[in-house]
Every structure is written in structure tokens, then in C-alpha cells.
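Subject: Structure handover

Hello,

Here is the structure for your files. Please look it over before reading the notes below it.

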Amino acid sequence: MSLAKEPIFSCSGIQLALGGRKILSGVSLSANAGQITGIIGPNGAGKTSLFEVLSGRIKQDSGQVKLEGRDVSSLSIQQRLRAGIGRTYQSPVVPNGLSVDQVLRAARKAFLPMLSYHRAEWAANMLRFRVSGKTIAGSLDTLDRRKLLMTCLLMRRPKVLLLDEPASGLIEAELEELDQIIRLLTLELKICILLVEHRLELVDSVADEVIVLDLGKRIASGSPKTVFEHPDVQAAYFEAS
């Protein structure tokens, strides 16, 4: 009898309170390599707070985070990045005064092993990031800012990417391109992607599984179709929106 394969990334029993207010209450999830997991819920559901915990930016009160079966709960955000957990943020903040080449050079040399120019070039091509290296990062539009930041992560060949509202501020054509990029990262590189997103059309299109949070608790999970039609989700998410 074959043993079930352990997920590449998981968390269990995540509890978090900030300022005396409970933010996350026993949240658990697991995801496999090459899987896209959408995380949705109304404002204040705890989605970004969960990413803060998973990335190591905030320490949970209790619970466990695992990468490839290894407990990484005590690792800092920098240590988790080195281990293979990359994270983007809702606002694509870039060094406004630096050129694209300077930003990528800094990312290549941020920590050992220092990476070659060709690794950055490879990552940019994977993300369809095609701008002149002399372009000032602060002049980039929203989608290219996101691509620049994702290039900095991708050149390190992450095992897991936590994407926090990557579709925010994008027009329809850009949303379609983002859809294709996310699919490419999972299909060709087998990256595990967790996607917090309010643009439900993107979640519906790309997610293998959807997890719904409300008031810090996991209230539903399953395929996009199953989840979107769930009565608890309709009440918590759609009626609250």
C-alpha cells in the first residue's frame, strides 16, 4: 500500500490575535506542487493576516507552518525566502529611483548564492517582463511593477509563491495576461501558488481549490464552482460585499 504524498506546503491550527482582537482562529490548509489555491473572503476575513503568518512577517500565537514536511514556524521572513517561500503584496512598491537593471542586480546579490545575470533574464522571460533595463522602476505601470517584483522572487526558484491580490489595479487585458503567467508558473515550474484575490473571475479561472475565510475562520473549501455556490459563502462573502 502506497503512502499519501505529503503536501509541499501546509499550515495547521493557526491562531493569531492582534491588539486583543482575534484575527485567525484555527486556520489550516495544505497545497501541493503545481497547485493553485485561491483564498477568498470579505474584507476583514483574515486573508492578508494569514499571508503575514505564512511568510513569517508576523509570528502566530499557536499553530504550525510546514514546507516540504519541515516545520518552518520559527523561521523569519528572510529565512523562509531562502527556504523557498516567496511573497508579493497588495501594493507593488518598487524602488522608484532605481532602474530595472539596478533592482534586478540588487535582487541577484541580496543573499548567497549570488545569481548570474542570465538567471534574472530567464525569470523575466518567464514572466513576460520585457522592458528596457534602463527604465526607471518608478515609471512602470502596475502590471510591470508586479512583474518586476515577481522576477526578483522567481530568479531564486521558489517552491511556494504567496500572491496577495496580484490583479488589483489591472484592466481586463492585463488580467488575462496575469492568468496565463500564473498557469505557466504552475505547469512548467511546478510552483505551489496561494492566491488571495478579490477578482473572483481570476480565482474561478485558475484555482484548483478555493478556501473561504470569514472572521478569521475557514468556512468552506472545494472547487471554485462548489465554493461559490455554497450558502455560507453566499451569506458571508457576496452579501457582505
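The notes below cover the sheets, one helix and the nonpolar cores.

This is a predicted model, in which local features need pLDDT of at least 70 and side-chain atom pairs count only at pLDDT 80 or more, while totals for chains, interfaces and linings use all residues. Residues are numbered from 1 along each chain as its sequence is written, and side-chain values use heavy atoms, with hydrogens and water left out.

Sheets. Helices (H or I, at least four residues) and strands (E, at least two) are DSSP runs, numbered from the N terminus. Two strands count as paired if DSSP finds at least two bridges between them. One open sheet has six strands in the order β6-β7-β8-β3-β9-β10, with mixed pairing. β6 and β10 (217–222) are at its edges with a single partner strand each, so one side of each has no neighbour in the sheet. From one strand to the next, the twist averages 20°. Within this sheet, β3 (residues 36–40) and β8 (residues 192–196) are parallel and share four bridges; G38 is opposite L195 in β8.

The other open sheet has four strands, ordered β2-β1-β4-β5, and its pairing is antiparallel. Its edge strands, β2 (21–31) and β5 (70–71), each pair on one side only. β1 (residues 9–18) is joined to β2 by eight bridges, and C11 has L29 as its bridge partner in β2.

Helix α5. This helix (residues 142–154) has 13 residues and spans 18 Å from first C-alpha to last, close to the 18 Å expected (1.5 Å times one less than the number of residues). Of its 13 residues, 11 are buried, meaning under 20% relative accessible area with a 1.4 Å probe, protein chains only. Among these are the charged-type positions D144, R145, R146 and K147. The buried residues of α5 pack against α2 (77–83), β6 (85–87), α3 (100–108), α4 (117–126), β7 (160–164) and α6 (172–189).

Cores. A nonpolar core is a set of buried Ala, Val, Leu, Ile, Met, Phe, Trp, Tyr and Cys residues joined through side-chain atoms within 4.5 Å. The largest has 47 residues, and L148, L154 and L185 are among those with the most contacts inside it. Another core, of 29 residues, lies apart from it and includes I8, I14, V53 and L194. Leaving aside neighbours within four places in sequence, L185 is in contact (heavy atoms within 4.5 Å) with L127, M150, L154, L161, K190, I191 and I193.

D179 is in helix α6 and is buried, with a relative accessible area of 12%.

Regards

Terms used
Buried < 20%, exposed > 50% of the residue type's maximum accessible area, 1.4 Å probe, protein only. Axes fitted to C-alpha atoms, helices over the stretch in contact; angles between N-to-C directions.
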